[in-house]
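Here is a colleague's note to read beside the model, set out as numbered points. Please keep the structure open and look up each residue as it is named.

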Amino acid sequence: MKKLYAFMLSTAIAVSGMAMSGFTLETNQRSLIKNSKSAYLMDYNSGECLYKENETARMPIASVCKVMTLTLVFDAVNDGAISLDDTVVVSANAAGMGGSQVFLDKNCEYSVDQLVKSIIVCSANDSCVALSETVAGSEEEFIARMNEKAKDLGCADTLFANCTGLPRDTQYSCAKDVATMFSNLIKNEEYFKYSKIWLEDFVHSSDRTTSMTNTNKLIKRYSFCDGGKTGFTNEAGFCLASTAVKNNLRLVSVVLGASTSNDRFESAINMFEFGFANYKNKIVLDKDVTLNDEFFVRGGKKDTFLVRPERNAYVFSAVDNTPDVTFVVVANEVKAPVKECDVVGYIEVYKDGVLVDKVNVVAAETVEKAGFIDYFKQITGEWSI
């Protein structure tokens, strides 16, 4: 039986800050993108849209489609189907891919880690096909899974026909869907191990090397950017999905159909600057700080124990807004023994009366199960003899 605490912790979260010149909320009335067909800017944590332009128009996205390719690979790793340390034998089909590649040798072995890195850093088509065949048995089955995953994520304006982004008439997406897919991808912390690599040699089993340079020039041009996926074909134009983080606020931006490579990067920077100038994430629960109220435990050497949030929780708002934030703390019925970090309940976080987050509550200390002597002391009141 769960115990719902009768009280609700309430606090008004004051958000302050001055908008940068040229990037006030009034900017939302004019275009932030330069020579581009569509764009989308969203807060990563809440999913709230901050800026949009032609965001649901279906169009080719070139290599940005590898966002979904990488998603399925990381899903397979997380599910235990494959490991980053596993080796992949490259088929002639994979080795024969055109476009951007790391020139894999057919019938040779490469680690999953190597192939993932080459996709994120230099958009290697051959590595995409090699991994698709490893994860799903064939690229065709992998593509079917890509479309199923897109459907699961609610991406109604997306259809994949390959895992590389090479031109196909039946392949398309939109800025809003790409933002959703990219936000889902970067939930994998491993992604950021590769996304910030600027220059690195890809070493083949024959000791031959292929130099990889990151296609996402934004990580050099914009100090807050720590990840992204570029794409280009004559049909799609210059495309970019990217993310940047500043003062606990992580944003995701998408630019599709830009006229030049520089246009997509400038457009992304404009959107990020607009977002950081006008919005903020305020931490309302700190995983390193125990709650004021202790939880009860049955059958332990002590009756109560300290608890804390399992992770940080943030409330997103405009800088000129002061939302009312309230919490509902729910405790499970807990029996000893209790180990530190055991989940013992949860906290619901409300912003202006709307549920915006739910965070597990974990034990901040260990409580051992009471023994005979402990019960005897409780009964006797620890009389001294």
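1. Asp 352 lies in the loop between β17 and β18, where strands (E, at least two residues) and helices (H or I, at least four residues) are DSSP runs numbered from the N terminus. Although Asp 352 is not a glycine, its phi is positive, at about 50°. Its relative accessible area is 47%, so Asp 352 counts as partly exposed; with a 1.4 Å probe and protein chains only, buried means under 20%, exposed over 50%, and partly exposed in between.

2. A word on the source is needed early: this is a predicted model, in which local features need pLDDT of at least 70 and side-chain atom pairs count only at pLDDT 80 or more, while totals for chains, interfaces and linings use all residues. Residues are numbered from 1 along each chain as its sequence is written, and side-chain values use heavy atoms, with hydrogens and water left out.

3. Taken as a whole, the protein comes to 10 helices and 18 strands, and 52% of its 385 residues count as buried. Among contacts (heavy atoms within 4.5 Å) between residues at least 6 apart in sequence, 65% join residues at least 24 apart.

4. Two other places in the backbone deserve a look, both in the loop between β16 (324-331) and β17 (343-351), where Pro 337 lies and where Cys 341 also has its place. The peptide bond that joins Ala 336 and Pro 337 is cis, with omega about 5°, and Cys 341 has a positive phi near 85° although it is a residue other than glycine. Most residues other than glycine have a negative phi, and most peptide bonds are trans. Cys 341 is partly exposed, with a relative accessible area of 45%.

5. Is Ala 363 buried or exposed? Ala 363, found in strand β18 (residues 354-363), counts as buried because its relative accessibility is 0%. Leaving aside neighbours within four places in sequence, its contacts include Phe 305, Leu 306, Val 307, Lys 339 and Cys 341. The C-alpha atoms of Ala 363 and Lys 339 are separated by 6.9 Å, the two residues being 24 apart along the chain.

6. The largest nonpolar core (a set of buried Ala, Val, Leu, Ile, Met, Phe, Trp, Tyr and Cys residues joined through side-chain atoms within 4.5 Å) has 65 residues, and those with the most contacts inside it are Val 116 and Met 146. Beyond its neighbours within four places in sequence, Val 116 is in contact with Leu 70, Val 73, Phe 74, Leu 84, Leu 131 and Tyr 194. A second, separate core has 27 residues, including Ile 219, Leu 240, Met 271 and Phe 276. In soluble globular proteins, nonpolar side chains tend to be buried together.

7. Five strands form an open sheet, in the order β3-β2-β10-β9-β8 and with antiparallel pairing, where two strands pair if DSSP finds at least two bridges between them. The edge strands, each pairing on one side only, are β3 (49-53) and β8 (225-233). Eight bridges hold the antiparallel pairing of β8 with strand β9 (residues 237-246), and in it Lys 229 stands opposite Ala 241.

8. Strand β7 (residues 209-213) shows alternation along its length: Thr 210 and Met 212 point to one face and are buried, whereas Thr 209, Ser 211 and Thr 213 point to the other and are not. Five bridges join strand β6 (residues 199-203) to β7 in an antiparallel run, with Val 203 opposite Thr 209. The hairpin of these two strands has five residues between them, and Asp 207 there takes a positive phi near 70°.

9. Helix α6 (residues 175-185) is mostly covered, since nine of its 11 residues are buried; among them are Val 178, Met 181, Phe 182 and Leu 185.

10. Aromatic pairs (rings of Phe, Tyr and Trp, the last by its six-membered ring, with centres within 6.5 Å; planes under 30 degrees apart count as stacked, over 60 as edge-to-face and the rest as tilted) number 12 in the whole structure. The pair of Tyr 191 and Phe 192 is edge-to-face because the ring planes stand at 80°, with the centres 5.2 Å apart. Ring pairs also link Tyr 51, Phe 274, Tyr 279 and Phe 316 into a cluster.
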